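Student: I'd like a close look at one part of this protein, and I'd rather have one connected walk-through than a list. Could you take me through it once the model is up?

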Amino acid sequence: MGATILPELLTEILIPVAAVIGISFSLVQWLLVSQVKLSPERQGGSPQGGKNGFGDYLIEEEEGLNDHNVVVKCAEIQAAISEGATSFLFTEYQYVGIFMVAFAILIFLFLGSVEGFSTKSQPCTYSKDKTCKPALANAIFSTVSFLLGAVTSVVSGFLGMKIATYANARTTLEARKGVGKAFITAFRSGAVMGFLLAANGLLVLYIAINLFKLYYGDDWEGLFESITGYGLGGSSMALFGRVGGGIYTKAADVGADLVGKVERNIPEDDPRNPAVIADNVGDNVGDIAGMGSDLFGSYAESSCAALVVASISSFGINHEFTAMVYPLLISSMGIIVCLITTLFATDIFEIKAVKEIEPALKKQLIISTALMTVGIAIVSWLALPSSFTIFNFGAQKTVKNWELFFCVAIGLWAGLVIGFVTEYYTSNAYSPVQDVADSCRTGAATNVIFGLALGYKSVIIPIFAIAVSIFVSFSLAAMYGIAVAALGMLSTIATGLAIDAYGPISDNAGGIAEMAGMSHRIRERTDALDAAGNTTAAIGKGFAIGSAALVSLALFGAFVSRAAISTVDVLTPKVFIGLIVGAMLPYWFSAMTMKSVGSAALKMVEEVRRQFNTIPGLMEGTTKPDYANCVKISTDASIKEMIPPGALVMLTPLVVGIFFGVETLSGVLAGALVSGVQIAISASNTGGAWDNAKKYIEAGASEHARMLGPKGSDPHKAAVIGDTIGDPLKDTSGPSLNILIKLMAVESLVFAPFFATHGGLLFKIF
């Protein structure tokens, strides 16, 4: 079999060191962002005059606007957004905290009851000749790792939101000096979130493994089975963050757009619009906190899936620690690679013009993928024996280290392909979105038809990319291959998140510029940043969905092995009923989330109309609207509405496993995976395309766009309607679906011992 080149001691040092480097780097970026002052003292021209934006004079000075008032206003607006976001998240976390404790108790009771809460050692699941720790220990440690994952997920989301609300007004103020300065501030803030999340996720998982090892000793099978709770905790919090945040942000957005833009004909983010603060708060709680928790969940689950399969392969059986933590070493390498990549955007290439923004963000993806390919090769060479065996549904399959390199690399490159296809279908630089914009000439109906067609069509290539990576990685290294392919896709998570968080920060910056009454030239700059951010957000969602498909397949494989199912036969009625019901679940879930957004938006529209009709002087701009009331409506609606969809996802595996047994549950998981991926990709891309078609008409950058515009024209109104329909698709249902498919799979894996022992009550009765 051969030993690894990297000694065990060095492995134990390298992983935490990489995590600490990631955390330190994010703190440095945060310090650089904090140098932009939000107090109204005179901003002196900095000594490095020409860097990123031609010299540091302010637009205000040449237009004779009062610099002092603008800064004070920006600070006020930022404080309002930050306060709204913090209070919403605290309210959300109180409800989620109750659920977390209840679910932790459930895990303990279900897993403890497998052996009747006995404290005696038992034969191992996969090697019956060895003895393993009792099921009660598994119950206790699974519960602990569930709580660890949940807390890490919540902290990741919360910190991301804090950074974003800290940076939004600073980005606005930097836009006065040039688009390059504003870009760097927004991107650095995104990097703070990306690196904090990647490093925290890695560090907590690593510490948990080492602490659990003190008790488990040589029983690695039990150790890594209990670690799967970490992924479950991460994803269950992400579900509530995504759904709750998504409902919040879209209720405010739809309400603000329908009354403000369509009925009252006032611009987006106009301070007279009562829902404008709630809309900007929503960007932070949905797109930042929700996205952060979501990608953390994917990362935790793909690591757990890989570790579970490795623990019953030669790595675990022979106690080869370095090879065992191969998934963590890949993530450590990812942090270092992303750090180098980030420097390209902030320090090496300068951005001087608006048209350079999107290419700069695309370069980030390409550079990180290319460097990471080299990184994976190095890790595979150093951390793996030249040949080893991988558990493959009861048998052991011999695998070479270079084959594992291909598994991770194909996942990484499939992610890039999905990213670029998503960009092609959602960026207004290409024909698909321009066709959608063109269809607005004949009204909203044709816009909707074209948008839906675009979404369905955009599914084709990503699905082929996922299919190829599944086939190749499974052929090379069975289920372990798929798990590390998912990790490959997520290995550049720090850069992916930085690009992703950049979008909402720029969006907020534009809103603040409009509300603070800054000149139209500044608004043009922030709009350009925001349009690029919209496309990159769609790319981020593409990554999240692609990795979710691979992760849930890997978890599904681990579940099937753990539940001792030899084959999943679609022709048996037990499995087929599961399959067809599972394929229905994403539709049921989407129906719930869409309707929630609709009913919350309805309340918001009524409130905004009421304020416009009853507050004297509001349209004239002489009195301020009641922002707080709109924030309250969004908060109350999203907290109330996030519970049913969350319960649907969390309870389905439990109900199916207990009453119908593991075979039906395997059908449900396969069905939900297959249909969920398709709906998620099409929903995200349809919404993204409608949004950018509207921005294409508003920007009027080409002859074609000017023919359709200006703002307020009939084609523009049709585009706004399309954008409003797309909002819940791209920001609520679409992104939440990838959590649905992952969460059901990881939950089934955690409860597999219980289902295998006590499940299928109905079939036992009849």
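Are Lys-261 and Asp-257 buried or exposed? Please start from there, then follow the helix they sit in and whatever is around it.

Tutor: Sure, and keep in mind that this is a predicted model. Both Lys-261 and Asp-257 are buried. The two are joined by a salt bridge, with the closest N and O atoms 3.8 Å apart. They both belong to helix H6, and because they are four residues apart there, about one helical turn separates them.

Now stay on H6, which covers residues 220-263, and look at Lys-250. Its side chain meets that of Asp-731 in a salt bridge, at 2.8 Å from N to O. This pair ties together distant parts of the chain: Asp-731 is in helix H22, and 481 residues separate the partners. Lys-250 has a relative accessible area of 2%, so it counts as buried. Asp-731 is buried too, at 4%.

Step along to Thr-732, which lies in H22 as well, a helix running over residues 714-750. Thr-732 has a relative accessible area of 0%, so it is buried. Leaving out residues up to four places away in sequence, Thr-732 touches Val-243, Gly-246, Ile-247, Lys-250, Thr-593, Val-597 and Asp-727. Notice Lys-250 in that list of contacts; that is the lysine whose side chain meets Asp-731.

For another charged pair, try Glu-174 and Lys-177, a salt bridge with its closest N and O atoms 3.1 Å apart. Glu-174 is buried at 8% relative accessibility, and Lys-177 is buried at 14%. In total, the structure holds 30 salt bridges.

Back to H6 and H22, then, since both help to line the largest cavity. That cavity has a volume of about 380 Å³. It is lined by 30 residues, and those closest to its centre are Asp-287, Asp-507, Asn-534, Asp-691 and Lys-730. H6, helix H7 (276-311), H16, H17, H20 and H22 each give two or more residues to the lining. H17 provides the largest share, six residues. Look at the chemistry of this lining: 20 residues are charged, six are polar and four are nonpolar.

The second largest cavity, at about 140 Å³, has 14 lining residues, with Thr-492, Gly-496, Leu-497, Gly-540 and Phe-543 the closest to its centre. Helix H15 (460-490), H16 and H17 each supply two or more of the residues around it. Here H16 has the largest share, with five residues. This lining divides into nine nonpolar residues, four polar and one charged.

H17 also takes you to the largest pocket, which holds about 1000 Å³ of space. Among its 36 lining residues, Val-354, Asp-527, Ala-528, Ala-531 and Ala-699 are the closest to the centre. Helices H11 (357-383), H16 (493-515), H17 (520-562) and H20 (643-699) each contribute at least two residues to that lining. Once more H17 gives the largest share, in this case eleven residues. By class, the pocket lining has 17 charged, twelve nonpolar and seven polar residues.

Conventions: Residues are numbered from 1 along each chain as its sequence is written. This is a predicted model: local features need pLDDT of at least 70, side-chain atom pairs count only at pLDDT 80 or more; totals for chains, interfaces and linings use all residues. Side-chain values use heavy atoms; hydrogens and water are left out. Buried means under 20% relative accessible area, exposed over 50%, partly exposed in between (1.4 Å probe, protein chains only). Contact means heavy atoms within 4.5 Å. A salt bridge is a side-chain nitrogen of Lys or Arg within 4 Å of a carboxyl oxygen of Asp or Glu. On a 1 Å grid over the protein atoms alone, a cavity is a set of points where a 1.4 Å probe fits but cannot get out, and a pocket is an open set with protein on both sides within 12 Å along at least five of seven lines; lining residues have an atom within 4 Å of a point. Grid points are joined across faces, edges and corners, and a volume is the space filled by probe spheres set on the points. Ala, Val, Leu, Ile, Met, Phe, Trp, Tyr, Cys and Pro count as nonpolar, Asp, Glu, Lys and Arg as charged, and the others, Gly among them, as polar.
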